[in-house]
Amino acid sequence: MAHIVVLGAGLGGTVMAYELRKELGAEHTVSVVNNGTSYSFVPSNPWVAVGWRDRKAVEVELEPIFARHRIEFYPEGAKRLHPSERRIELNNDTFINYDYLVIATGPEFAFDEIQGFGPDANTQSICHLDHALKAKTAVQELIRKPGPVAVGAVQGASCFGPAYEFAFILDKVLRDAKVRDRVPITFVTPEPYIGHLGLGGVGDTKGLLESEMRQRHIQWICNAKVDSIEPERMHITELADSGAVENTYELPHVFAMLLPAFRGVVAVHGIDGLTNPRGFILIDKHQRNPRFPDIFAIGVCVAIPPVGKTVIPVGVPKTGFMIESMAAAACVNICRLIEGKQPNAVASWNAVCLADFGDSGIAFIAQPQIPPRNVNWSSSGRWVHGAKMGFEKYFLHKIRSGKAEPFYEHFALQMLGIDKLKELEISDSLDT
Ligand SMILES: Cc1cc2nc3c(=O)[nH]c(=O)nc-3n(C[C@H](O)[C@H](O)[C@H](O)COP(=O)(O)OP(=O)(O)OC[C@H]3O[C@@H](n4cnc5c(N)ncnc54)[C@H](O)[C@@H]3O)c2cc1C
């Protein structure tokens, strides 16, 4: 009998626990350790920030669902992982032991790396549901007292889709409120060009997103490094492709929402052999840590090298499709280890993304993530807005039902006419 613990009950961890419960017999125990009792659907946060969703619509209480599916739950959260002892110290100073651990702790938000940055200082955030609810109050205030706005992401960020989404959704909200003419919007990004997305662009994301920006009168600054942020002014250095300073800006803002760089959470950060210098979990192609082979990792917490070189660092986005594929691979590999076999499942690290603009949007698929690609597709239209709502409803239904069915296989890819994008590869080679 094995005890498998999943650390983190976000998008990756919850699906992971359901997968394990489905595949493992009742003699094995599946436990989840999370910060808090609820799951919240992070991709809905841009809608929460403009008042199109409330907490109730995007949050799910996990305790009754886990109880129904025989998943043990520790909502106290982890203080520290002790991998050599195969145990986790919880925030209430108790310990739990594991045979296999899946780390799915998502990101810690590195607001402290820039002076004046973050929801406790001079900018808003949509990274967490509580941030998005706070941003909603600031959006209402912006509508009452219109003024200049900055939206985007800072150096080292990896999650650009939601920054574009929020810029376009905010534009729609301000147009609907008939105040857009008094709100100059500037998109600030470390990407070398609009639509790079941390992926070197996908299909024509450069053309599609630049065109959308022009249509909506959104200015942009690329290769931007945010130096510091004051309550009504942010200091930005724009670099040329050579790395020389091209321009400096003192950008006025009455409202700003910039996505931060991510790093690993404190409970795992700095464990020799487990994490890289930013606290992301090191894994091989089977989602397994080489130093501690009973530990697997999935989701935003895993270490993935950047796609190509950029003047200002940008990371690679880790999106839902990729995360579900990581969970499926980790589940197969843990089940095989329990049966005395070697891991052989490899996640397909594809980027599949729907970016909603409030009344339209863009969709893209990059397979594999790193160019040149077999699938390098992007498209735009009103249908993306509907598809994103379908994604939200389906995923929340899946979390509420406790089912491990992979969303993308059954809905998104067929809707996009791509039914042969295989989720998992099985490899007989055991090299990493
Ligand atoms: C604003 C935003 C919008 C996004 N939109 C999309 C989208 O539209 N489509 C898409 O595919 N992807 C999107 N993503 C990217 C990605 O899919 C999400 O970030 C996703 O939630 C990541 O899943 P995860 O499981 O890795 O981390 P998370 O969902 O962040 O979950 C991490 C969990 O770990 C828990 N945790 C952390 N530390 C501890 C600890 N010490 N002890 C116990 N528990 C802990 C947290 O409480 C949390 O429940 C978006 C990301 C952001 C930030």
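**Group meeting: the ligand site and the domain interface**

Okay, let's start at the ligand: a polar side-chain atom of Lys-388 sits 2.4 Å from one of the ligand's oxygen atoms. Keep in mind that this is a predicted model, so that distance is computed, like everything else I'll show.

How much of the ligand does the protein cover? Taken on its own, the ligand has 980 Å² of accessible area, and the protein covers 90% of that. There are 31 residues around the ligand, and the ones that come nearest are Gly-12, Ala-78, Val-300, Gly-320 and Lys-388.

Two backbone contacts to look at while you have the site on screen. At Ala-78, a polar backbone atom is 2.9 Å from a nitrogen atom of the ligand. Over at Leu-11, a polar backbone atom is 3.2 Å from a ligand oxygen.

Right, let's zoom out to the domains. The assignment splits the protein chain into domain 1, which runs 3–43 + 58–108 + 263–348, and domain 2, which is 111–261. Their centres, taken over C-alpha atoms, are 31 Å apart.

So where do the two domains touch? On the domain 1 side, 16 residues are in contact with 25 residues of domain 2. Between them the domains bury about 1,500 Å², and 60% of that is on carbon and sulfur atoms. If you want residues to click on in domain 1, go for Val-311, Ile-312 and Val-314: those lose the most area to domain 2, together 36% of what that side buries.

It's not just greasy contacts, though: three salt bridges are counted between domain 1 and domain 2. Here's a salt bridge you can find for yourselves: the side chains of Arg-263 and Glu-113 meet at 3.4 Å, N to O. Between the two domains, five residue pairs are in polar contact. As for the make-up of the domain 1 side that touches domain 2, by class we get nine nonpolar, three polar and four charged residues.

That's my tour, thanks everyone.

Conventions. Residues numbered from 1 in each chain as written. Predicted model: local features only at pLDDT ≥ 70, side-chain atom pairs only at ≥ 80, totals over all residues. Heavy atoms only, no water. Domains from an automatic or database assignment. Contact = heavy atoms within 4.5 Å. Buried area = accessible area lost by both parts, 1.4 Å probe. Salt bridge = Lys/Arg side-chain N within 4 Å of Asp/Glu carboxyl O. Polar contact = N/O pair within 3.5 Å; in protein donor to acceptor, adjacent residues only side chain to side chain. Nonpolar A, V, L, I, M, F, W, Y, C, P; charged D, E, K, R; others polar. Near = heavy atom within 4 Å. Areas by Shrake-Rupley, 256 points an atom, 1.4 Å probe, with all protein chains shown as cover.
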